[in-house]
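Here are my notes on the model, as numbered points. Please read them beside the coordinates.

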Amino acid sequence: MTRQYFGTDGIRGRVGQSPMTADFAVRLGWAAGRVLGRTPGARVVIGKDTRRSGYLFESALEAGLSSAGVEVLLLGPIPTPAVAYLTRALRAEAGIVISASHNPHEDNGVKFFGPHGGKLSDAIEGEIEHCLSLPMETVPPEQLGLARRIDDAPGRYIEYCKATFGDGTLDGLRLVVDCGHGAAYRVGPAIFDELGADVVEVIGAEPDGFNINRGCGSTQLDALQAAVRRQRADVGIAFDGDADRCLMVDARGEVVDGDQILYALARGRHASGELRGPVVGTLMSNLGLEQALAALSIPFERVAVGDRHVLERLQAVGGTLGGETSGHTLCLDKTTTGDGCVTALQVLAVMLRHGQPLDVLVADMVKCPQVLINVPVTGNARELMQHPQLQDAAAAATARLGKRGRLLLRPSGTEPLLRVMVEAEDAEETRQVASQLADVVRRVAGIR
């Protein structure tokens with residue numbers, strides 16, 4: 001079915017504009033309560049990142065859920081994967097996250113987890129959308145849901161993350177942690193510190209409601225790279241706003257992206273005999289990842305962009321490891337969803353087990369030059385992709401690259417962008433083809 005509100009990762013938009021308005025959030029809470037809280041005494045947990053608008057949507061969702069007769073457990077600012085974990089731990093029927101992930105503070109969003117810590121199915125999201133079209137009817141006063149705060153939520157999540165690391169310690173490792181002024185600003189540094197690491201510097205841990213992802217975090221790594229070099233740290237760790245993603249920086253100050261992280265984890269699990277099923281990446285995963293895994297006789301599959309598709313494929317083939325170049329990594333042998341803190345701990349565990357620094361650990365994965373250009377567009381990006389001029393330009397670019405590379409055009413699932421990705425053996429040719437194709441997108445979109 002065609003969905004009006006749910007995108008690839010919940011509902012997201014500019015605060016104050018449809019659908020991210022207070023009145024819609026109340027109706028969304030009520031609709032979710034109707035669908036997810038059908039049993040007496042049903043409970044839903046709500047967590048959020050550090051955006052000021054999170055207070056608005058938290059209150060609105062609470063009101064809607066209460067009006068549907070659902071008890072609400074408020075977690076406060078906490079990473080998205082913590083909500084997934086606490087949904088299970090607290091035996092809740094669902095978890096709700098208020099976050100727009102790596103987007104700026106002007107945006108916000110709402111995404112859901114089911115009782116087992118996984119994302120909702122398309123069918124259940126469709127039921128919620130259907131309820132949004134119905135008149136909102138409040139349950140009788142004696143059936144209204146109560147709300148209470150879970151004060152020890154951060155501590156519970158910290159202990160959970162530490163448990164995924166096992167019995168070892170991080171003694172002797174010097175770390176710099178960049179929390180992006182987001183949801184991990186308290187729990188992130190604490191996890192590594194309590195495992196014995198020397199956290200020599202923390203970046204992006206002073207959120208003010210507006211600075212989330214600004215000049216820091218996994219989307220802007222310059223500050224982390226400089227700090228790693230300055231502090232002579234072994235590793236830098238960067239989270240996005242809701243800490244479901246993680247990118248890293250090695251001791252030389254070089255970025256280690258999601259493809260390299262996936263390779264390090266696959267290599268470690270393969271060596272220990274713990275890897276199950278193929279590794280799953282996306283259409284955006286670098287060709288170098290596929291080649292490096294093939295050299296280890298590790299099968300690799302690609303799916304459409306989005307951690308939802310990676311998760312679905314892993315579940316279908318019995319795999320445990322997959323992810324995206326952006327740093328959204330799934331370790332299903334440790335957790336149910338992408339978790340930046342758990343991902344970082346797993347990479348550090350492989351480093352310690354192999355006795356190798358991060359740059360050596362990923363050295364056998366040689367990335368092919370890849371250029372990604374995000375072109376802002378108005379209107380429907382999917383329809384724009386069908387424009388004859390753009391189709392002809394893409395065909396010509398594909399013929400030019402031949403077997404030396406590949407290209408991908410795709411609309412963003414969370415922003416009004418058309419993404420142009422080109423990957424080839426030659427860096428200059430990669431840049432030229434991507435730039436020319438992006439110019440065609442701008443031309444047919446009427447953008448100068």
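1. Start with the open sheet: 5 strands, mixed pairing, order E8-E7-E9-E10-E11. Strands here are DSSP runs of E, at least two residues, numbered from the N terminus. Two strands pair if DSSP finds at least two bridges between them. The edges are E8 (198–203) and E11 (255–256), each pairing on one side only.

2. A caveat on reading this: the model is predicted, so local features need pLDDT of at least 70 and side-chain atom pairs pLDDT 80 or more, while totals for chains, interfaces and linings use all residues. Numbering runs from 1 along each chain as its sequence is written, and side-chain values use heavy atoms, without hydrogens and water.

3. Within the sheet, E9 (residues 235–239) and E10 (residues 246–249) run antiparallel, with 4 bridges. Phe239 sits opposite Cys246 of E10.

4. The whole structure has 0 disulfides (cysteine sulfur pairs within 2.5 Å). For Cys179, the nearest cysteine sulfur belongs to Cys341, 8.0 Å away. Cys341 has its closest cysteine sulfur in Cys161, at 5.0 Å, so too far for a bond. Cys179 is buried (under 20% relative accessible area, 1.4 Å probe, protein chains only), at 0%. Cys341 is also buried, at 0%.

5. There is 1 cavity of 30 Å³ or more. A cavity is a set of points on a 1 Å grid where a 1.4 Å probe fits but cannot get out; lining residues have an atom within 4 Å of a point. The largest holds about 30 Å³, a volume being the space filled by probe spheres set on the points. Its lining includes Asp9, Lys111, Phe112 and Arg308.

Definitions and conventions: Buried < 20%, exposed > 50% of the residue type's maximum accessible area, 1.4 Å probe, protein only. 1 Å grid on protein atoms, 1.4 Å probe; cavity = no way out; pocket = protein on both sides within 12 Å on 5 of 7 lines; lining within 4 Å.
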